[in-house]
Amino acid sequence: MKNLKSLGSWFFAVFFFYAGLMHFVQEESFTAIMPPFIPFPKLIVWTTGLMELVFAILLILPRYRKLAGFLLAPFLLAVLPANIHMAMNNIPFGEMSATPTTLWLRVALQFPLIVSILWVTGNLSRSYKSN
């Protein structure tokens, strides 16, 4: 089980490293999905991109893996409004277009993603204490 969690952490590290880089490479695409009520969209895109790069590094360092999961869960909830805005308004991501079903599926998958990250980082454990 430990190897599976380690492999999962590496998988998510690569995922977030790539996603973080894309915040800078495709900044306009990320800015386009920001809900209009969020101020300073370009700054938010840069900040979240930098955060994803840091999370990727933390995920590959066993000493900081649990912290990465603990921080990623609220982070993924914080970026959820952008995913919902994208789905509600059928906003394409850069050159990629997606069906409304695909966009809403992306929103729905945010929750299993959070649980998976919490599991691979050791933030979900079964500790039962009997009195």
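Is the crossing of α5 and α6 left-handed or right-handed? The tour reaches that pair of helices after a look at the whole chain. The model shown here is predicted.

**The whole chain**

Start with the full chain in cartoon view. Six helices and zero strands make up its secondary structure, and reading along the sequence gives the pattern α-α-α-α-α-α. Along the principal axes, the C-alpha atoms fill a box of roughly 50 × 25 × 25 Å. The chain has 131 residues, and 37% of them are buried. Now turn to contacts in the chain with a separation of 6 or more: residues 24 or more positions apart account for 65% of these.

**The largest nonpolar core**

Select F12, F16, L59, L72, L76 and I117 and show their side chains. These residues have the most contacts inside the largest nonpolar core, which has 17 residues. Colour α1 (2-25), α3 (41-60), α4 (65-78) and α6 (100-120), since each of these helices supplies at least two residues of this core. In general, nonpolar side chains in soluble globular proteins tend to be buried together.

Next, centre the view on L72. Which residues does L72 contact, leaving aside its neighbours within four places in sequence? They are F16, F55, L59 and I117.

Then select M22, M34, V45 and I91. These are among the 13 residues of a second, separate core.

**Where α1 meets α4**

Hide everything but α1 and α4. Two packed helices are described by the angle between their axes and the distance between the axes. Here the axes come within 12 Å and cross at roughly 50°, which makes α1 oblique to α4. The crossing of these two helices is left-handed.

To see the contact itself, select S6, S9, W10 and F16 on α1, then R65, L72 and L76 on α4. By class, this contact of α1 with α4 has four nonpolar residues, two polar and one charged.

While α4 is on screen, pick F70, which is in this helix. Is F70 buried or exposed? F70 counts as exposed because its relative accessibility is 56%, and the cut-off for exposed is over 50%. Bring back α6 and draw a distance from F70 to I114: their C-alpha atoms are separated by 9.8 Å, although the two residues are 44 apart along the chain.

**Helix α5 and its partners**

Select residues 80-88, which form helix α5; its buried residues are L80, A82, N83, H85, M86 and A87. Show α4 and α6 as well, since the buried residues of α5 pack against both.

Now keep α5 and α6 alone for the pair named in the opening question. Their axes are 8 Å apart and the packing angle is about 160°, so α5 is roughly antiparallel to α6. The crossing of α5 and α6 is left-handed.

Show side chains on both helices. On α5, select L80, N83, I84, M86, A87 and M88; they meet L103, W104, R106, V107, Q110 and F111 in α6. The residues of this contact divide into nine nonpolar, two polar and one charged.

Stay on α5 and centre on H85, which lies in this helix. H85 counts as buried because its relative accessibility is 17%, and buried means under 20%. What surrounds H85, apart from its neighbours within four places in sequence? H85 is in contact with I33, M34, P35, P36 and I91. Two of the residues picked out earlier, M34 and I91, belong to the second core.

**Two loop residues with positive phi**

Most residues other than glycine have a negative phi. The last stops are residues with a positive value.

Go to N90, which follows α5 and lies in the loop between α5 and α6. The phi of N90 is near 50°, a positive value in a residue other than glycine. With 39% relative accessibility, N90 counts as partly exposed.

Finish at F40, in the loop between α2 (27-32) and α3. F40 is not a glycine, yet its phi is positive, about 50°. At 63% relative accessibility, F40 counts as exposed.

Definitions and conventions: Residues numbered from 1 in each chain as written. Predicted model: local features only at pLDDT ≥ 70, side-chain atom pairs only at ≥ 80, totals over all residues. Heavy atoms only, no water. Core = buried A, V, L, I, M, F, W, Y, C linked by side-chain atoms within 4.5 Å. Buried < 20%, exposed > 50% of the residue type's maximum accessible area, 1.4 Å probe, protein only. Helix = DSSP H or I, 4+ residues; strand = E, 2+ residues; numbered from the N terminus. Contact = heavy atoms within 4.5 Å. Axes fitted to C-alpha atoms, helices over the stretch in contact; angles between N-to-C directions. Parallel < 35°, antiparallel > 145°, perpendicular 65-115°, else oblique. Left-handed = near helix turned anticlockwise from the far one by under 90°. Nonpolar A, V, L, I, M, F, W, Y, C, P; charged D, E, K, R; others polar.
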